[in-house]
Amino acid sequence: MKPESTLQNILNFTRIEHTAFSLPLIFTGAWLGAGNRFPSMVVMLLIVVAAVGARIFGMAMNRVFDRRIDRLNPRTAGRELPAGKMTLNLALAVAFAGLLLYLVACGLLGGWCLTLSPIPLVPLLGYSLLKRFTPFCHFGIGFCLALAPLGAYVAASGHPHFSGAVILFSGFVFCWLSGADIIYALMDVESDRQNHIHSLPARLGADGAIRVAAGVHLMAWGILVALVQTVGGGAMAWVLLATAAVFFGLMYVPTIPIPKRFFPISTFAGIAGALAPMVA
């Protein structure tokens with residue numbers, strides 16, 4: 001296999017472009033942790049490195065655990081592991097590299113970041129297994145990402161005594177991504193039912209799952225409103241709230257392909273939500 005094709009396979013395998021999901025969230029967490037400003041460039045860089053490493057680890061292990069399930073689904077059968085474009089050993093090496101990157105960054109941040117660093121690894125390892133047991137699996141990935149701003153807050157503040165603002169923001173992240181993942185799962189309803197994979201669309205049907213996702217996203221936007229009020233948001237914060245609401249609405253337009261609703265539309269909703277408390 002050519003080196004350039006190996007690199008491309010690794011980039012596709014980790015979906016590195018989806019880091020756009022997490023970076024604005026950790027920036028907001030760091031902003032809130034440092035007292036409505038950004039911490040030093042060194043701390044910010046280490047926070048970003050830790051977030052990227054954790055995401056690579058979680059995504060790689062997700063692909064490893066799901067390689068047999070992916071082979072059964074026409075939509076995912078072309079992924080690197082089921083299609084034979086990448087060996088299992090290489091996939092595990094990528095996961096280990098992400099883990100190492102995360103732990104080194106946490107070690108350099110020191111203090112509470114190093115002490116608490118094992119905690120996010122448990123949901124990162126386990127979230128992809130939930131689809132084997134429960135249709136509420138979508139909330140597992142939401143929980144994983146909700147930890148990102150909390151981790152950034154600890155890195156910037158030096159302690160785990162979370163403010164009400166960052167707890168609200170973490171709740172927004174949890175609901176935002178959980179709802180988006182329900183919508184994403186609409187693509188796999190028939191495959192999930194045939195292969196006994198649990199998801200809300202497979203359990204409730206498309207209409208029922210969309211109603212649940214809409215309720216979760218309404219809750220996300222409500223939490224965001226409460227957050228902006230908590231931090232004393234001005235006019236620009238409310239403009240961003242309205243922007244987030246528009247993108248949330250676009251996620252339910254049936255003529256827009258589901259992959260586009262998940263990325264980039266849901267990403268734009270999350271970015272608008274992440275910026276709202278920082279412009280308050």
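Let's start with a pair of helices: where α3 and α7 cross, the crossing is right-handed. Everything here comes from a predicted model.

**Where α3 meets α7**

Helix α3 covers residues 41-65, and α7 runs over residues 118-126. Their axes come within 8 Å and cross at roughly 30°. Angles under 35 degrees count as roughly parallel, so that is the word for α3 and α7. On the α3 side, the residues that take part are Ala54, Phe57, Gly58, Met61 and Phe65, and they meet Leu121, Leu124 and Leu125 of α7. Sort the residues of this contact by type and you get seven nonpolar, one polar and no charged. The polar one is Gly58, because glycine is counted among the polar residues here.

**A covered helix: α2**

Now to α2, residues 23-33, which is mostly covered. Nine of its eleven residues are buried: Pro24, Leu25, Ile26, Thr28, Gly29, Ala30, Trp31, Leu32 and Gly33. So what sits over them? The cover includes α3, α8, α9 and α13. One of those buried residues, Trp31, also belongs to a ring cluster, where ring pairs link it with Phe27 and Phe38.

**Backbone oddities**

Just past the end of α2, glycine 35 takes a positive phi of about 85°. Most residues other than glycine have a negative phi, and most peptide bonds are trans. With that in mind, two residues deserve a look, asparagine 36 and histidine 196: each has a positive phi without being a glycine.

| Residue | Phi | Loop | Relative accessible area |
|---|---|---|---|
| Asparagine 36 | about 65° | between α2 and α3 | 48%, partly exposed |
| Histidine 196 | near 60° | between α10 (189-194) and α11 (200-230) | 66%, exposed |

Why is histidine 196 called exposed? Its relative accessible area is 66%, and exposed means over 50%. Asparagine 36, at 48%, counts as partly exposed.

There is a peptide bond to look at too. Phenylalanine 263 and proline 264 are joined by a cis peptide bond, with omega about 20°. Proline 264 is found in helix α13, which spans residues 258-275.

**Rings that pair up**

How many aromatic pairs does the structure hold? There are nine. A pair of aromatic rings is described by the distance of the centres and the angle of the planes. Take tyrosine 184 and phenylalanine 262: their ring centres are 4.4 Å apart and their planes stand at 40°, so the pair is tilted. Tyrosine 184 belongs to α9 and phenylalanine 262 to α13, so this pair ties together parts that are 78 residues apart in sequence. Are these two residues buried or exposed? Tyrosine 184 is buried, and phenylalanine 262 is too.

**Glycine 158, between two helices**

Last stop: glycine 158, in the loop between α8 (138-157) and α9 (164-184). Its relative accessible area is 48%, so it is partly exposed. Which residues does glycine 158 contact once its neighbours within four places in sequence are left aside? The answer is Trp112 and Tyr153. Tryptophan 112 is 46 residues away from glycine 158 in sequence, yet their C-alpha atoms are 6.6 Å apart in space.

Methods
Residues are numbered from 1 along each chain as its sequence is written. This is a predicted model: local features need pLDDT of at least 70, side-chain atom pairs count only at pLDDT 80 or more; totals for chains, interfaces and linings use all residues. Side-chain values use heavy atoms; hydrogens and water are left out. Helices (H or I, at least four residues) and strands (E, at least two) are DSSP runs, numbered from the N terminus. Buried means under 20% relative accessible area, exposed over 50%, partly exposed in between (1.4 Å probe, protein chains only). Contact means heavy atoms within 4.5 Å. Axes are lines fitted to C-alpha atoms, for helices over the stretch in contact, and angles run from 0 to 180 degrees between N-to-C directions. Angles under 35 degrees count as roughly parallel, over 145 as roughly antiparallel, 65 to 115 as roughly perpendicular and the rest as oblique. A crossing is left-handed if the near helix is turned anticlockwise from the far one by less than a right angle, and right-handed if clockwise. Rings of Phe, Tyr and Trp (its six-membered ring) pair if their centres lie within 6.5 Å; planes under 30 degrees apart count as stacked, over 60 as edge-to-face and the rest as tilted.
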